[in-house]
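Biologist: I'm new to this model, so please give me a close look at a single part: the surroundings of the ligand. Feel free to get your bearings elsewhere before you go in.

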Amino acid sequence: YALNREAGFRRCVEEALAGRRCEQLLEKDDDCRQIIASPVEQDGQIAGAVLVILDVTEKEQRERLRREFTANVSHELKTPLTSILGTAEILDEGGGLGQWETVDLYEEARAVLEQLAPAAQRKQVTTRLQGGEALVRGVPQIVEEIVYNLCDNAIAYNRANGSVTVTVENTAFGPRITVADTGIGIPREAQGRVFERFYRVDKSHSSGGTGLGLSIVKHGAAYLGAQVELHSEPGHGSTFTLTFPKAGA
Ligand code: ADP
């Protein structure tokens with residue numbers, strides 16, 4: 001009776017009575033029904049019709065969830081894929097990881113902080129650059145990638161009105177860049193793992209991170225012969241130190 005007035009339902013009945021099998025999906029409110037109508041023949045005449053009405057509400061809901069899930073997964077995959085594609089393109093174009101050159105860490109840090117200024121402003125985080133020129137031998141692209149990822153994280157995992165201090169100096173151990181933040185910090189048990197690919201401390205943190213940044217830092221530093229150190233206190237902040245080999249070493 002509930003379906004009697006539905007145009008789709010009536011069409012099914014009419015089709016079946018005219019001798020043709022007919023199927024329809026009828027959606028009403030949150031319910032979904034499948035109608036299958038078949039003619040019944042007797043002595044070459046249409047004697048009536050058989051209607052089967054199936055409640056397919058649950059099946060349709062599952063189908064919708066599956067579609068939404070697929071859409072979400074492909075969206076989530078796009079973010080890491082974009083950065084992988086970018087790096088892959090650089091490798092093809094440059095024929096390897098790029099030329100070794102003399103790079104000024106201070107100049108790199110200045111350029112990176114300028115690039116990240118809008119992100120810092122959005123997070124209400126102040127950035128500071130101190131120290132001065134420190135020359136290292138390296139592939140500029142890789143040095144930039146490392147400094148960028150460290151500063152990007154220092155802003156992203158900060159708090160409102162927090163700060164990021166980047167210090168560039170020549171130490172007895174070699175040229176050094178330090179990125180210190182006043183952010184959420186990293187729990188002791190996670191400190192050894194943050195450099196792993198795809199590892200993220202707070203998986204629910206939907207900041208759009210990929211879990212790849214620090215693994216790029218680690219591999220980039222190893223390629224350039226630089227040492228990475230991490231000191232962090234949960235609730236107070238983190239400090240990443242990158243020390244390059246001394247000139248001529
Ligand atoms: P992501 O794309 O998630 O930032 P990373 O490899 O750069 O990936 O970092 C891995 C994880 O380490 C982050 O998800 C975050 O939990 C933690 N992390 C990295 N940098 C910091 C930082 N400066 N302060 C607090 N946590 C950090």
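Modeller: Let's warm up with P39, which is partly exposed because its relative accessibility is 22%; buried means under 20% relative accessible area, exposed means over 50%, and partly exposed is what falls in between, with a 1.4 Å probe and protein chains only. Before going on, keep in mind that this is a predicted model, where local features need pLDDT of at least 70, side-chain atom pairs count only at pLDDT 80 or more, and totals for chains, interfaces and linings use all residues. Residues are numbered from 1 along each chain as its sequence is written, and side-chain values use heavy atoms, leaving out hydrogens and water.

P39 belongs to strand 2; helices (H or I, at least four residues) and strands (E, at least two) are DSSP runs numbered from the N terminus. From P39 to G132 you go 93 residues along the chain, and their C-alpha atoms are 89 Å apart.

Now for the ligand. Around it there are 19 residues, and N153, Y157, R200, T210 and L214 come nearest; a residue is near a molecule if one of its heavy atoms lies within 4 Å of it. Where does the ligand sit? It is in the largest pocket. A pocket is found on a 1 Å grid over the protein atoms alone: it is an open set of points with protein on both sides within 12 Å along at least five of seven lines, while a cavity is a set where a 1.4 Å probe fits but cannot get out, and lining residues have an atom within 4 Å of a point. A molecule sits in one of these if more than half of its atoms lie within 2 Å of the grid points.

What builds the shell around the ligand? Helix 5 (140-156), helix 7 (213-224) and strand 10 (237-243) each bring at least two residues to it. Sorted by class, the shell has 10 nonpolar, seven polar and two charged residues. Here Ala, Val, Leu, Ile, Met, Phe, Trp, Tyr, Cys and Pro count as nonpolar, Asp, Glu, Lys and Arg as charged, and the others, Gly among them, as polar.

Zoom in on the atoms. The side chain of Y157 has an N or O atom 2.7 Å from an oxygen atom of the ligand. For R200, an N or O atom of the side chain is likewise 2.7 Å from a ligand oxygen. L214 uses its backbone instead, with an N or O atom 2.8 Å from an oxygen atom of the ligand. How much of the ligand does the protein cover? On its own the ligand has 530 Å² of accessible area, and the protein covers 95% of it; such areas come from the Shrake-Rupley method with a 1.4 Å probe, and for residues only the protein chains shown count as cover.

Follow strand 10 a little further and you meet T243. With a relative accessible area of 9%, T243 is buried. Its side chain makes a polar contact with the side chain of R176 at 3.0 Å; a polar contact is a pair of N or O atoms within 3.5 Å, where, within protein, one must be able to donate a hydrogen and the other to accept it, and residues adjacent in sequence count only if both atoms are side-chain atoms. H236 is in the loop between strand 9 (227-233) and strand 10. Is H236 buried or exposed? It counts as exposed, because its relative accessibility is 55%. I186 is 50 residues from H236 along the chain, yet their C-alpha atoms are separated by 9.3 Å.

One last stop is D29, in the loop between strand 1 (22-28) and strand 2 (31-42). D29 is exposed, since its relative accessible area is 78%. Its phi is near 50 degrees, a positive value in a residue other than glycine. Most residues other than glycine have a negative phi.
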